[in-house]
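Work through the exercises below with the sequence and the model side by side. Try each task before you read its solution.

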Amino acid sequence: MWVLAGVAVVIAGFVLRLNALLVVTLAALVTALAAGMGPIAAVSAFGKAFADNRFIAIPWLILPVIGLLERGGIRERARMLVAKLSGATPGRVLIGYLALRQISASLGLNALGGHVQMVRPVVAPMAEAAADATDGAELAPELRERIRAHAAAADNVGLFFGEDLFVAVGSILLIISFMAQYGVVLAPLAVAKWAIPTAIAAFVIHGGRLVLLDRAWSRAR
């Protein structure tokens, strides 16, 4: 029962709006002590968990690179590229990225997109530039934030429904291993193909939302 004390620490910490990392670390320490572990054993467990999963920290190495690219003008270059395209609209730009994200994820290339490395420095500025380049008028703050939100959503939808088409994704392997426990043998490709209708439906539905975004943008001009 006392091992659940860590949950109370997390709730209290978030209610008091304390530092999230400090709250989670303190909650883990409280849970370890409540489970009968000594302070040294608890800290040793933290260190072992970090050492065993240190590959998770690798993505943080990308952040300085993204910062250097933004300082070098990648956002401005993305805007200039879209400004030269005739007929570009925010919705069309994001539909193109949605298709690219979904196809690349279906091939297992999940790292080709992402909010930090792709949406913020490239995709969102391109969609905003498509809106600005038509008549040169400044976008309303509400519409600009809406375009940015749809850019992030396009990445989420494309990745979520595209990666299920990849035979080596964790969800498919989980299904196969779960069914194997009950004597049902499934091939990864046989499971992945049933995600195709869902992926198509997701593309059509979110593509429709992006068309509505274009209509809202047209009315606001």
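## Exercise 1: A histidine inside a helix

Find the residues that histidine 150 touches beyond its neighbours within four places in sequence, and decide whether this histidine is buried or exposed.

Solution. Begin with the contacts: once the neighbours within four places in sequence are set aside, histidine 150 is in contact with Leu94, His206, Arg209, Leu210 and Leu213. Next, place the residue in the fold, which here is a predicted model; histidine 150 lies in helix H8. Finally, compare its accessibility with the cut-off: buried means under 20% relative accessible area, and histidine 150 has 8%, so it is buried.

## Exercise 2: The overall fold

Determine how many helices and strands the protein has, and what share of its residues is buried.

Solution. Counting the secondary structure gives eleven helices and zero strands, and reading along the sequence therefore gives the pattern α-α-α-α-α-α-α-α-α-α-α. Of the 221 residues in the protein, 30% are buried. To see how far along the chain the contacts reach, take those between residues at least 6 apart in sequence: 68% of them join residues at least 24 apart.

## Exercise 3: The length of two helices

Check what span helix H8 should have at 1.5 Å a residue, and do the same for helix H11.

Solution. The expected span is 1.5 Å times one less than the number of residues. For H8, with 22 residues, the expected span is 32 Å, and because the end C-alpha atoms are 31 Å apart, the two values agree. For H11, with 25 residues, the distance from the first C-alpha to the last is 36 Å, close to the expected 36 Å.

## Exercise 4: How the helices pack

Describe how H7 packs against H8, and how H6 packs against H11.

Solution. Recall first that two packed helices are described by the angle between their axes and the distance between the axes. H7 and H8 pack at about 135 degrees, with axes 9 Å apart, and this angle makes H7 oblique to H8. Their crossing is right-handed. On the H7 side the residues that meet H8 include Val119, Val123, Ala127 and Ala131, while on the H8 side those that meet H7 include Arg144, Ile147, Ala151 and Asp155.

Now turn to the second pair. The angle between H6 and H11 is about 160 degrees, and their axes are 8 Å apart; angles over 145 degrees count as roughly antiparallel, so H6 is roughly antiparallel to H11. H6 passes H11 in a right-handed crossing. Among the residues that make this contact are Leu94, Ile95 and Leu98 of H6, together with Phe203, Leu210 and Trp217 of H11.

## Exercise 5: The nonpolar core

Find which residues touch the most other members of the largest nonpolar core, and which helices supply at least two residues of this core.

Solution. The largest nonpolar core has 18 residues, and Leu94, Leu139, Ile147 and Ala151 touch the most other members. Helices H6 (90-106), H7 (115-132), H8 (141-162) and H11 (196-220) each supply at least two residues of this core. This fits a general tendency, since in soluble globular proteins nonpolar side chains tend to be buried together. To look at one member in detail, take leucine 139: leaving out residues up to four places away in sequence, it touches Glu128, Ala131, Asp132, Arg144, Ile147 and Trp217. For H11, the buried residues include Ala202, Leu210, Leu213 and Trp217, and what covers the buried residues of H11 includes H6, H7 and H8.

## Exercise 6: Three residues compared with the cut-offs

Classify aspartate 155, valine 211 and arginine 17 as buried, partly exposed or exposed.

Solution. Aspartate 155 is found in helix H8, and because its relative accessibility is 3%, it counts as buried. Beyond residues up to four places away in sequence, aspartate 155 touches Tyr97, Arg101, Gly113, Gly114, His115 and Val119. Valine 211, in helix H11, has 37% relative accessibility and therefore counts as partly exposed. Arginine 17 sits in the loop between helix H1 (5-15) and helix H2 (20-34), and at 77% relative accessibility it counts as exposed. As a last step, look at the backbone: most residues other than glycine have a negative phi, whereas phi of arginine 17 is near 60 degrees, a positive value.

Notes:
Residues are numbered from 1 along each chain as its sequence is written. This is a predicted model: local features need pLDDT of at least 70, side-chain atom pairs count only at pLDDT 80 or more; totals for chains, interfaces and linings use all residues. Side-chain values use heavy atoms; hydrogens and water are left out. A nonpolar core is a set of buried Ala, Val, Leu, Ile, Met, Phe, Trp, Tyr and Cys residues joined through side-chain atoms within 4.5 Å. Buried means under 20% relative accessible area, exposed over 50%, partly exposed in between (1.4 Å probe, protein chains only). Helices (H or I, at least four residues) and strands (E, at least two) are DSSP runs, numbered from the N terminus. Contact means heavy atoms within 4.5 Å. Axes are lines fitted to C-alpha atoms, for helices over the stretch in contact, and angles run from 0 to 180 degrees between N-to-C directions. Angles under 35 degrees count as roughly parallel, over 145 as roughly antiparallel, 65 to 115 as roughly perpendicular and the rest as oblique. A crossing is left-handed if the near helix is turned anticlockwise from the far one by less than a right angle, and right-handed if clockwise.
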